[in-house]
Amino acid sequence: MKNIFTILFSLVLISSCKTIKPDEAKTSANAENNTKSIQINNPIIKDKFTADPAALVYKDKVYLYTGHDEAENDFHFYKMKEWLVYSSSDMVNWEEHPVPLKVSDFAWAKNDAWAGQVIERNGKFYWYVAISHATIEGKSIGVAVSDSPTGPFKDALGKALITNDMTKYTNISWDDIDPSVIIDDDGQAYLFWGNTICHYAKLKENMIEFDGPIQTITLPNYTEAPWIHKHKDLYYLSYASGFPEKIAYAMSKSVNGPWEYKGILNEIAGNSNTNHQAIIDFKGVPYFIYHTGGIQPNGGSFRRSVCIDRLYYNEDGTIKRVIMTSEGIQK
């Protein structure tokens, strides 16, 4: 009986074992290799803290412009004296260029190299940045210009384009920050900016003067960090919402509105109170660029790191919720 039981058990064991064919073994090995090849690509800059990303697609490259968080671990506010620029041809490998712009490059400015955005027009590159004014109380927006996307940039006006006394919708001194710029299909340029309320105005073709009055846009739970972009036939105005900040967005068929609120785009970014986004298409692929305080050692609200993840549109033009990852963009 014992011998019969042993034989039966062996037959069952053999029949339960699946024979691995050569093709299946190759597939299994490839899957294992693919798993091993995944890289941890967020944050994209690991040797310093970067924040407030903006990106420009120009020719066959993406140029990434960031603020530089230099606050020590025991310093609990922003310490930002300069802006940085990086470039990439694949959204994975980033080349750092020499410092393109500093607060000290604006003779009228005092401190705080806060968020900005670069746009190209007629072979020149215009950089709109938020800075504290030396003689007019509050934040201001300046314009720098360069013949190259990597700089060096210099003050294009010799004075601020926007000062706190020009906008009276709120009484705070920091409502003139976070400029975002777009050139519409008809060639008309627009500048968006603001904390507490979103302002916007037309720019003249020279990109350093307004071409009409400053207007305001009312958006649900708007805090700051507007980013204006167009995808296919629709316009998108994304912005930091609440505090700590999430990113929300609205849509319109015109850059002048009306804007229809569409909801939250991404959640609180790590342990950072702020959230700041750039949205681009590069080689036919949409990307969401943001900063977080929770992905690097000693990171936080004043030591942030820029990351990139994929962005996806629905068939009706709305945007899927962004999933923030450690892996980021893979080759």
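Start with the surface of the whole protein chain: its accessible area comes to about 16100 Å², and 52% of that belongs to carbon and sulfur atoms. The model is predicted. Colour by secondary structure next, and the chain resolves into 2 helices and 21 strands. Of its 331 residues, 53% count as buried. Among contacts with a separation of 6 or more, 50% are between residues 24 or more positions apart.

**Stop 1: strands β19 to β21**

Select residues 285-292, strand β20. Here 7 of the 8 residues are buried, so the strand is largely enclosed by the rest of the structure.

Add residues 277-282, strand β19. β19 and β20 pair in the antiparallel sense over 6 bridges. For one facing pair, show isoleucine 280, which stands opposite tyrosine 287 in β20. The hairpin of these two strands has 2 residues between them, and lysine 283 takes a positive phi near 55° there.

Now add residues 305-310, strand β21. This strand pairs with β20, again in the antiparallel sense and over 6 bridges. The facing pair to show here is histidine 291 and valine 306, the latter in β21. As background, strands of a sheet pair through backbone hydrogen bonds, either parallel or antiparallel.

**Stop 2: the nonpolar cores**

Which residues have the most contacts inside the largest nonpolar core? Select Met91, Trp94, Leu265, Phe288, Ile289 and Ile308; the core they belong to has 35 residues.

Centre the view on tryptophan 94. Leaving aside residues up to four places away in sequence, tryptophan 94 touches Ile44, Ile45, Val62, Leu64, Tyr86, Ser87, Ser88 and Ile308. A second core, separate from this one, has 27 residues, including Tyr78, Val129, Ile131 and Ile177. In soluble globular proteins, nonpolar side chains tend to be buried together.

**Stop 3: an open sheet**

Move to the strands β11, β12, β13 and β14. They form an open sheet of 4 strands in the order β11-β12-β13-β14, with antiparallel pairing. Where are the edges of this sheet? Select 180-183 for β11 and 215-217 for β14; each of these edge strands pairs on one side only. From one strand to the next, the twist averages 25°.

Finish at the β11 edge. Show residues 189-193, strand β12, which runs antiparallel to β11 and is joined to it by 4 bridges. Within this pair, valine 181 stands opposite leucine 191 in β12. When inspecting side chains here, recall that in a regular strand they alternate between the two faces of the sheet.

Methods: Residues numbered from 1 in each chain as written. Predicted model: local features only at pLDDT ≥ 70, side-chain atom pairs only at ≥ 80, totals over all residues. Heavy atoms only, no water. Buried < 20%, exposed > 50% of the residue type's maximum accessible area, 1.4 Å probe, protein only. Contact = heavy atoms within 4.5 Å. Areas by Shrake-Rupley, 256 points an atom, 1.4 Å probe, with all protein chains shown as cover. Pairing = 2+ DSSP bridges. Core = buried A, V, L, I, M, F, W, Y, C linked by side-chain atoms within 4.5 Å. Axes fitted to C-alpha atoms, helices over the stretch in contact; angles between N-to-C directions.
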